[in-house]
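The following paragraphs examine how oppositely charged side chains pair within a protein chain. Please consult the sequence and the coordinates while reading.

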Amino acid sequence: MSAVATPVSPMLVRLAAEKATGALLRDHGTLYLVDGRVVHAESPAAPGVDVLLTTGGRLPRENWDEAVDRAGAHRAVGRFLVDSGRLQDGELEICHLGAVFDAAFFALSPTSGPTRFRYGVGHWFGTVRPVSAEAVERETVRRRELLDAVWPYPAVDTVPVVPRPAAPGQTTGARQRALLAAADGERTPAELARLLGRPAFHTLLDVRRLAAAGLVETPLTPDPDPVPPAPALLPVLPVPDPDIALLRRLRDALEAHL
């Protein structure tokens, strides 16, 4: 996996080399592997495939629920949606890949918590199109760099989106207008993504672009903690007078040896 100089997740690199099957659990999400390749990902910060399909308007909620009820125990929900005619192969693949990369971006975010792997654990959605761990890491790095290139203030990613008045003549696209219309000053980007049925990363990207254009507030960087006061100086004690006679004897002894 030389394409990524510093691995986002060394454990993911190792599991890919081992061709391991199971679930990689991190603080911000989980990646599911089959033979070392990523087949599914989920994160609390990213809408799942169900939200992208149902809230996005492509699939009625009852069709999704039916697929989970009938095929979830067999880890074949995706296959059921295609075989039952609810979705075409191509659109399921595109939607699922989008959800995988979206959730993986958050699941692989920097963390100080433990990373664990449960061998043999699978996901009820099933396998649609496996993706190499190298591709997942490369895309995660690309997305991080893209966000910082647009507006290097990650604080806007997690706080409520607060719209600001547009300047005279300033315009936005339809997608960004819909986001601004849903931003009530209380919903975070993750909540807006679920409300609108959109991938969370693309919502973050829109929020950063709007912030860069001055159409969304950017939280102020908190002032650094004040420097603690220097410890009180110890009281200066009077220095006793040196023993003059001793110093003279020492001087005389040194001079005697010159």
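A residue counts as buried when its relative accessible area is under 20%, as exposed when that area is over 50%, and as partly exposed in between. The model considered here is predicted. Because the partly exposed class lies between these two limits, E66, at 24% relative accessibility, belongs to it.

E66 forms a salt bridge with R86, and the closest N and O atoms of the pair are 2.7 Å apart. This contact links distant parts of the chain: E66 sits in helix 3, whereas R86 occupies the loop between helix 4 (77-83) and helix 5 (89-107), 20 residues apart. R86 is likewise partly exposed, with a relative accessibility of 23%.

Helix 3 also takes part in a second contact, in which the side chains of R61 and D50 meet in a salt bridge (3.5 Å, N to O). Since R61 lies in helix 3 (residues 61-71) and D50 in helix 2 (residues 49-54), the pair ties together parts that are eleven residues apart in sequence. R61 is partly exposed, its relative accessible area being 38%. A network of salt bridges links D50, R61 and D65.

A further salt bridge joins D148 to R208, with 3.2 Å between the closest N and O atoms. D148 belongs to helix 6 (residues 133-150) and R208 to helix 9 (residues 200-212), so this pair ties together parts that are 60 residues apart in sequence. Is each partner buried or exposed to some degree? D148 is partly exposed, with a relative accessible area of 42%, whereas R208 counts as buried at 2% relative accessibility.

The structure holds 16 salt bridges, among them the pairs R86 and E66 and D148 and R208.

Methods. Residues are numbered from 1 along each chain as its sequence is written. This is a predicted model: local features need pLDDT of at least 70, side-chain atom pairs count only at pLDDT 80 or more; totals for chains, interfaces and linings use all residues. Side-chain values use heavy atoms; hydrogens and water are left out. A salt bridge is a side-chain nitrogen of Lys or Arg within 4 Å of a carboxyl oxygen of Asp or Glu. Helices (H or I, at least four residues) and strands (E, at least two) are DSSP runs, numbered from the N terminus. Buried means under 20% relative accessible area, exposed over 50%, partly exposed in between (1.4 Å probe, protein chains only).
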